[in-house]
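Student: Can we go through the backbone of this one? I'd like to start with the odd torsions.
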Amino acid sequence: MSATVLPGHPQVARSAGTLHVEGCSLAALAREHGTPLFVYSRQWMLDALAAYQRGFAGRDAMVCYAMKANSSLGVLRVFAEAGCGFDIVSGGELARALAVGAEPSRIIFSGVGKSRAEMRQALAAGIGCFNVESEAEIDVLNEVALAEGRRAPISIRINPNVDPKTHPYISTGLKGNKFGVAHDRAVATYRHAAGLPGLEVVGIDCHIGSQITEAAPYLDALERVLDLVEAIEAAGIPLRHLDFGGGLGIDYSSPNDRQSPPAADALWRQLLARIDARGFGDRKLVIEPGRSLVGNAGVCVTEVLYTKPGEDKNFCIVDAAMNDLPRPAMYQAFHAIVPVAGEGEPAPVVYDVVGPVCESGDWIGRDRALAVQPGDLLAVLSAGAYCMSMASNYNTRGRAAEVLVSGEQARLIRQRESVEDQLRSERA
Ligand code: LLP
């Protein structure tokens with residue numbers, strides 16, 4: 001059977017007239033599990049991870065999957081089995097990592113607002129590193145660790161003040177962002193932390209933003225971080241590991257704004273050349289990629305409910321909405337949308353593809369030429385990252401089901417959320 005791979009989406013191919021993820025037909029999966037339905041390719045995740053591993057071949061490096069991108073247990077298990085560590089940002093994410101058998105020493109805890117309870121939980125689990133972001137947090141972690149009779153391993157996240165040239169909501173390494181400790185204060189903050197008995201300084205951390213599609217911001221941030229490593233070590237504080245965060249973008253195949261981020265292995269070849277040239281090639285490297293490990297592994301299958309001609313616009317109303325796919329509403333993000341059954345009858349019409357939620361912001365794609373009628377299925381591409389993990393119950397809509405595909409095998413990894421599931425924890 002001949003298959004045509006969708007450009008930019010090697011995990012999605014059209015074969016026998018219908019879209020497939022690996023060897024599984026999306027039409028068949030939608031019949032079995034209903035819509036909206038997220039379908040993920042295990043192989044795409046493993047290939048994405050392998051690109052980082054190639055980049056780090058022969059190095060002491062740890063890839064910690066930033067599970068905020070997609071924290072479904074079935075997805076986490078793929079990465080845990082492949083030997084990945086995890087980057088977490090809450091006690092809830094810690095529980096997820098432990099539930100899939102993650103090795104605690106390979107867990108790092110990021111985020112600007114860890115609570116004391118979360119700190120205790122992570123100390124008890126024996127995580128590898130806390131990435132701390134302020135002097136106030138450093139003091140609280142010291143206090144909590146002493147009370148627990150432990151020493152907390154820490155890296156300080158520094159804000160290198162570089163522009164990652166991405167959407168303002170997902171850039172994090174600029175002066176005006178809430179993240180990290182200012183570059184100018186970094187050495188003083190390290191001195192302060194190194195003097196506290198409940199803490200053990202082990203590394204330095206930096207994350208400049210997300211959906212970064214060029215190497216230049218990484219190279220700028222790298223130089224600034226290495227300058228600081230020199231200054232911190234000159235102050236007598238050795239750093240065992242260097243954590244460069246996540247942020248590498250994926251190709252969303254937007255026709256207006258074609259993004260072609262560097263491949264993970266190519267990017268790391270460039271960065272490692274600079275790290276070596278500056279004499280830090282012997283340090284352990286840590287990274288926290290999220291989107292680039294899952295983004296293009298996933299599609300969301302949705303059914304066309306109605307088409308509606310409007311005065312200015314035509315609307316294609318589908319059963320997925322902003323509660324399932326929040327990125328267009330939140331960041332005006334582009335996701336490619338393709339008919340599962342291929343282009344057929346009727347002739348294509350330009351539609352805004354919208355969901356049933358009662359908000360004008362509830363759109364999934366604007367001005368898309370589609371040949372569809374009610375009952376047809378559409379696949380929203382690049383839906384593996386920051387879709388299900390950001391899904392909500394707005395309008396009392398249950399969260400979608402999820403399927404993990406491996407070759408011709410498909411496994412339901414999340415049941416569709418029922419209304420009973422939603423009402424269970426409430427009291428009238
Ligand atoms: N490390 C830290 C400290 C982070 O804050 C993030 C993402 C990552 C790693 C992973 O970044 P990635 O490799 O996935 O770019 N919801 C937005 C993206 C928010 C990113 C938040 N931080 C979106 O849908 O575009």
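Tutor: First a term: helices and strands here are DSSP runs, at least four residues for a helix and at least two for a strand, numbered from the N terminus. With that, Pro-36 lies in the loop between helix H1 (26-33) and strand E5 (37-41). The model is predicted.

Student: Which kind of peptide bond joins Thr-35 and Pro-36, cis or trans?
Tutor: The bond is cis, with omega about -10°. In general, most peptide bonds are trans.

Student: OK, phi next. What is the sign of phi at Ala-16?
Tutor: Positive, near 50°, in a residue other than glycine. Most residues other than glycine have a negative phi.

Student: Where does Ala-16 sit?
Tutor: In the loop between strand E2 (9-15) and strand E3 (18-21).

Student: Buried or exposed?
Tutor: Ala-16 is exposed, since its relative accessible area is 60% and the cut-off is over 50%.

Student: And what about phi of Glu-22?
Tutor: Glu-22 is not a glycine either, and its phi is positive, about 45°. Glu-22 is in the loop between E3 and strand E4 (24-25). At 25% relative accessibility, Glu-22 counts as partly exposed.

Student: Switching to helices. Which residues of H3 are buried?
Tutor: H3 covers residues 73-81, and Gly-74, Val-75, Leu-76, Val-78, Phe-79 and Ala-80 are buried there.

Student: What comes just after H3?
Tutor: Gly-83, with a positive phi of about 90°.

Methods
Residues numbered from 1 in each chain as written. Predicted model: local features only at pLDDT ≥ 70, side-chain atom pairs only at ≥ 80, totals over all residues. Heavy atoms only, no water. Buried < 20%, exposed > 50% of the residue type's maximum accessible area, 1.4 Å probe, protein only.
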